[in-house]
Amino acid sequence: MKIAMIGTGYVGLVSGVCFSDFGHDVICVDKDAAKVTRLENGEIPIFEPGLDVILEKNVAAGRLAFTTDLAAALKGAQAVFIAVGTPTRRGDGHADLTYVMAAAEEVARAADPGVVIVTKSTVPVGTNRKVAEVVAQANPDLDFEVASNPEFLREGAAIDDFMRPDRVVVGVQSDRAGDVMSEIYRPLFLREFPIVVTDLESAEMIKYAANAFLATKITFINEIASLCERVGADIKQVSRGMGLDGRIGNKFLHAGPGYGGSCFPKDTKALARIGQEHAAPMRITEAVIEVNEEMKRRMTEKLRDLCDGSFNGKRVAVLGVTFKPNTDDMRDAPSLTIVPALVGGGAEVRVCDPQGRHEGEKLLPGVSWHADPYDAAQDADLLVILTEWNEFRALDLSQLSDTMRTARMADLRNVYAIADVQRAGFTAYAAVGRAGFGVA
């Protein structure tokens, strides 16, 4: 099939590249000419392991191309995917649909008859019907269908998630749209991955409900971690004991400094807003949002305690500032709350992150960047593990403690065992939901 993918952000680029690997002819469209040029030269504007290899292979095979010319991309396309941004709208927390509706209007004017317009972006319930209205208004004579196809891609594991998904969700309102979507995902159907076909509204709701539930799971275990610290329990043991229950499962039960990223913060806020608008308050989701923000602030106080009550004049080494490992995404990362608090409190902050510098330099002013964790920790008063990159999981703790002016560690991802930290010569250690030492 011929597919046009509008938007070469995270979702659009990964989806377009993977569809071409299914054997479809895909043209990815973006208004940013510089980005399109980079993609044509094989340069990936995001960090996603393995994406560059698949992109290069399918460009060479003639199945994948990039352009700024939407009309040319739509010529002969049987399906058009809208994968543009839906950022949180200022003031009310709702998803901003400006880019989605603008794309729908442009598609209406240039698409061939019989096209299926698929919303890949995460959008509030009812958006696909609004897309249909916009298209019909812009071009009353166009024969078209709409479909909802929400994405469930984890940054850092997106290729595997696309090629071996837990499920593919497709919302349609006609057999014709369903047939087109079935043909697009035929390689996954043949390998018996679940394809869930629903109405438009249910597909839209599945995305929000899934992300809100996962955010709730993270926030719940973080609250339990706070209680563990007070009562002397170990959150790692508690999480394992909970996760072995098949009804609960062990995923998303790792205590830390709070969730971030491109999806959970935005989607929980949007779901809360949708509930308010329909007089069905999402009280659990609203509480999750509030507690998650409080968790980030609580981590800041944990660091302040390790600095004897004040950041002023302290040198702090921060390992990891992206919201999770294996991505360069800084959106709503805990570091965006914690690092500015350190800088604002008078600390000299030295940052080391394998992929975070490009975005981080704009978002974290007043810090210095270091390629090596031992260099970052030189003469530091505190070492903070904020993102659990593999590069930070097997550090020489003795070398670090010898390097530091005051050997203290805040392990906000519970990477290291307390005995190993003590043996390495650290004089103070704090984790999340587990015992520490040397801290009042």
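# Sheets, helix H1 and cavities in a predicted model

Student: How do you know that strand E9 and strand E10 pair, and in what sense?

Tutor: Strand E9 (residues 315–319) and strand E10 (residues 348–352) are joined over five bridges in the parallel sense. Two strands count as paired if DSSP finds at least two bridges between them, so the five bridges here satisfy the definition. One of the links sets alanine 317 opposite its bridge partner in E10, arginine 350. The names come from DSSP runs numbered from the N terminus: a helix is H or I over at least four residues, and a strand is E over at least two. The model is predicted, with local features requiring pLDDT of at least 70 and side-chain atom pairs pLDDT 80 or more, whereas totals for chains, interfaces and linings use all residues. Residues are numbered from 1 along each chain as its sequence is written, and side-chain values use heavy atoms, without hydrogens or water.

Student: What is the order of strands in the open sheet of six, and which are the edge strands?

Tutor: The order is E11-E10-E9-E12-E13-E14, with parallel pairing. The edge strands are E11 (367–369) and E14 (428–430), each of which pairs on one side only. From one strand to the next, the twist averages 20°.

Student: Why do strand E3 and strand E8 stand at the edges of the other sheet?

Tutor: That open sheet has eight strands in the order E3-E2-E1-E4-E5-E6-E7-E8, and its pairing is mixed. Strand E3 (64–67) and strand E8 (195–198) each have a single partner strand, so one side of each lacks a neighbour in the sheet. Neighbouring strands are turned by 25° against each other on average, with direction ignored. Within this sheet, strand E1 (residues 2–6) and strand E2 (residues 25–29) pair in the parallel sense over five bridges, and isoleucine 6 has valine 29 in E2 as its bridge partner.

Student: Across which strands does H1 lie, and at what angle to E1?

Tutor: H1 lies across E1, E2, E3 and strand E4 (79–82), and runs at about 170° to E1. Axes are lines fitted to C-alpha atoms, for helices over the stretch in contact, and angles between N-to-C directions run from 0 to 180 degrees.

Student: How do you know whether phenylalanine 19 is buried or exposed?

Tutor: Phenylalanine 19, in helix H1 (residues 10–21), has 0% relative accessibility. Buried means under 20% relative accessible area, exposed over 50%, and partly exposed in between, with a 1.4 Å probe and protein chains only. Phenylalanine 19 therefore counts as buried. Leaving out residues up to four places away in sequence, it touches Ile3, Met5, His24, Val26, Phe81, Phe162, Ile184 and Tyr185; contact means heavy atoms within 4.5 Å. Serine 20, also in H1, is likewise buried, at 0%. With the sequence neighbours up to four places away again excluded, serine 20 touches Val26, Asn58, Arg63 and Leu64.

Student: What makes an enclosed space a cavity, and how many of 30 Å³ or more does the structure hold?

Tutor: On a 1 Å grid over the protein atoms alone, a cavity is a set of points where a 1.4 Å probe fits but cannot get out, and its lining residues have an atom within 4 Å of a point. The structure holds three cavities of 30 Å³ or more. The largest has a volume of about 130 Å³, a volume being the space filled by probe spheres set on the points, which are joined across faces, edges and corners. Of its 15 lining residues, the closest to the centre are Lys120, Phe152, Phe162, Arg167 and Val168. Helix H7 (158–163) and strand E7 (168–172) are the elements giving two or more residues to this lining.

Student: Which element gives the most to the lining of the second largest cavity?

Tutor: H13 does, with four residues. This cavity has a volume of about 70 Å³, and its lining residues include Tyr259, Ile289 and Asp332.

Student: What is the phi of alanine 279, and is the residue buried or exposed?

Tutor: Alanine 279 has a positive phi of about 55° although it is not a glycine. Most residues other than glycine have a negative phi. Alanine 279 lies in the loop between H12 and H13, and its relative accessible area of 70% makes it exposed. Asparagine 326 also has a positive phi, of about 60°, but at 33% relative accessibility it counts as partly exposed.

Key: On a 1 Å grid over the protein atoms alone, a cavity is a set of points where a 1.4 Å probe fits but cannot get out, and a pocket is an open set with protein on both sides within 12 Å along at least five of seven lines; lining residues have an atom within 4 Å of a point.
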